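Biologist: Hi! Could you walk me through this structure?

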Amino acid sequence: MSVPLPRPPVRANPRLADVRYDIRGELSRRARELEAAGRDIVHLNIGNPGRFGFAAPEHLRAAVAAHVSDSEAYCPQQGLPSAREAIAARETARGAHNACAANIFVGNGVSELIDMSLRALLDAGDEVLLPSPDYPLWSAAVALNGGSARYYACPAERGHLPDPDEIEALITPRTRALVVINPNNPTGAVYPRELLAALVAIAARHRLVLLSDEIYDEILYDDARFEPLAPLAGEVPTLTFGGLSKVHRACGWRVGWVSLSGAHEALAEIHHALDLLSSLRLCANVPGQWAIAPALAGPDTITALTAPGGRLHEARRAVIEHCASSEFLDVVAPQGALYAFPSVRAAALAEFDDHAFALDLLEAENVLIVPGRGFNIAQANHFRVTLLPPPAQMREVFARIERCLGRMATTQRRHVA
Ligand SMILES: Cc1ncc(COP(=O)(O)O)c(C=O)c1O
């Protein structure tokens with residue numbers, strides 16, 4: 001009888017070697033193990049509003065519930081016409097050039113559309129300009145679709161804003177697109193109008209496509225003002241991404257959209273590509289699409305949370321106040337989105353390593369954060385937290401963070417002595 005040969009491991013796509021998503025990586029696997037062993041872990045690693053008791057607005061729930069029985073068939077590959085009309089109306093009101101329902105694609109969250117757009121756009125070796133730090137799906141989707149990321153720095157010393165000259169210096173004949181994440185995840189930066197205008201001018205000069213991730217467009221603090229990119233871009237081809245996950249706290253419904261704007265003739269080929277890719281997956285989940293029109297035309301439900309006294313505002317205040325009095329931490333006050341991106345001062349903790357710290361904090365203090373390097377920066381001195389916990393819990397969690405940093409400093413002093 002022949003002995004069966006051992007099977008070689010099933011090989012995975014080698015492009016995955018360049019892909020990371022630490023937000024749900026090793027540390028969150030370890031957190032699940034600790035939870036299974038009875039520990040109570042605070043999950044600051046992910047911007048998942050429902051996990052912290054936030055609910056989708058009642059009128060959106062009612063719209064989805066009322067249309068469950070209209071949601072059983074596939075819908076058009078671009079999305080429900082009524083939903084696309086509502087998105088187009090908003091884009092047009094904002095001043096986007098040539099925004100119309102025919103130029104909108106609805107997807108299973110912005111996540112699906114980021115991947116689909118880069119698949120539609122990139123040939124092997126094409127380069128894409130990405131912020132560093134970035135939301136790591138952007139880097140992943142560039143790599144998986146055969147492209148190559150070129151990072152422009154958005155350091156804390158500049159309030160996490162990019163320098164247009166540095167961006168322009170990165171451009172080569174292979175550069176295809178410039179990605180803007182505004183308001184930014186992970187830093188909370190909100191880009192001023194003049195900066196956005198400078199980015200548009202670069203895209204125009206070098207014939208780049210602008211990819212503008214605006215999923216946090218209405219999550220703003222203090223006097224921050226959001227400027228949509230498409231109206232400033234005018235004829236420059238622009239893909240604007242938005243959705244229900246954050247502003248409308250309905251991330252589990254998986255509803256996002258991309259709006260194509262700019263010169264009509266510049267959009268024909270990419271429109272065709274997106275239409276084809278959308279058809280291949282038939283359509284996005286239908287039930288949640290019924291919430292798009294009421295979300296965009298209905299009452300503002302986010303400002304009550306981001307204004308002084310609101311839960312997100314007060315959680316953010318807890319982080320800022322803690323960092324201001326911390327022995328170790330600095331933070332650029334987030335102007336928008338759902339995160340803070342503190343850094344550890346080298347003078348206070350010279351050998352700080354974001355990964356070692358995140359693991360220590362999880363094991364010793366039951367707090368799960370994401371190391372800064374998970375967002376494609378080289379420096380090991382940052383970490384990201386979400387602002388979603390209630391303010392009192394946020395204060396308590398930062399006390400644990402400080403305690404953990406204090407222990408690291410003591411250990412470091414012992415090594416030096
Ligand atoms: C900047 C940014 N873009 C896109 C997404 C994906 O959002 P969704 O797929 O839920 O629409 C996220 C999620 O956290 C994000 O932070």
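Modeller: Happy to; we can talk about the ligand, some backbone details and a sheet. This is a predicted model, where local features need pLDDT of at least 70 and side-chain atom pairs count only at pLDDT 80 or more, while totals for chains, interfaces and linings use all residues. Residues are numbered from 1 along each chain as its sequence is written, and side-chain values use heavy atoms, with hydrogens and water left out.

Biologist: Thanks! Which residues come nearest to the ligand?

Modeller: Val-110, Ser-111, Asp-213, Tyr-216 and Ser-245, out of 13 residues around the ligand. A residue is near if one of its heavy atoms lies within 4 Å.

Biologist: And which atom of the ligand is 2.6 Å from the side chain of Asp-213?

Modeller: A nitrogen atom, and its partner in Asp-213 is a side-chain N or O atom. The protein buries 95% of the 400 Å² that the ligand exposes when taken alone; such areas come from the Shrake-Rupley method with a 1.4 Å probe.

Biologist: What about Ser-111?

Modeller: An N or O atom in the Ser-111 side chain is 2.5 Å from a ligand oxygen. With Val-110, a polar backbone atom is 2.7 Å from an oxygen of the ligand.

Biologist: Which helix gives the largest share of the shell?

Modeller: Helix α4, residues 109-121, with three residues. Helices (H or I, at least four residues) and strands (E, at least two) are DSSP runs, numbered from the N terminus.

Biologist: New topic: where is the cis peptide bond with omega near 5°?

Modeller: From Ser-132 to Pro-133. Pro-133 is in the loop that links β3 (127-132) and α5 (136-144). The bond from Asn-185 to Pro-186 is also cis, with omega near 15°, and Pro-186 lies in the loop between β5 (175-181) and α7 (193-206).

Biologist: What is the phi of Arg-207?

Modeller: Positive, about 55°, although Arg-207 is not a glycine. You can find Arg-207 in the loop between α7 and β6 (209-213).

Biologist: Last one: in what order do the three strands of the open sheet come?

Modeller: The order is β10-β14-β13, with antiparallel pairing. The edge strands, β10 (339-340) and β13 (370-371), each pair on one side only. Two strands pair if DSSP finds at least two bridges between them.

Biologist: How many bridges join β13 to β14?

Modeller: Two, and β14 covers residues 383-386. Pro-371 stands opposite Phe-383 in β14. As background, strands of a sheet pair through backbone hydrogen bonds, either parallel or antiparallel.

Terms used: Polar contact = N/O pair within 3.5 Å; in protein donor to acceptor, adjacent residues only side chain to side chain.
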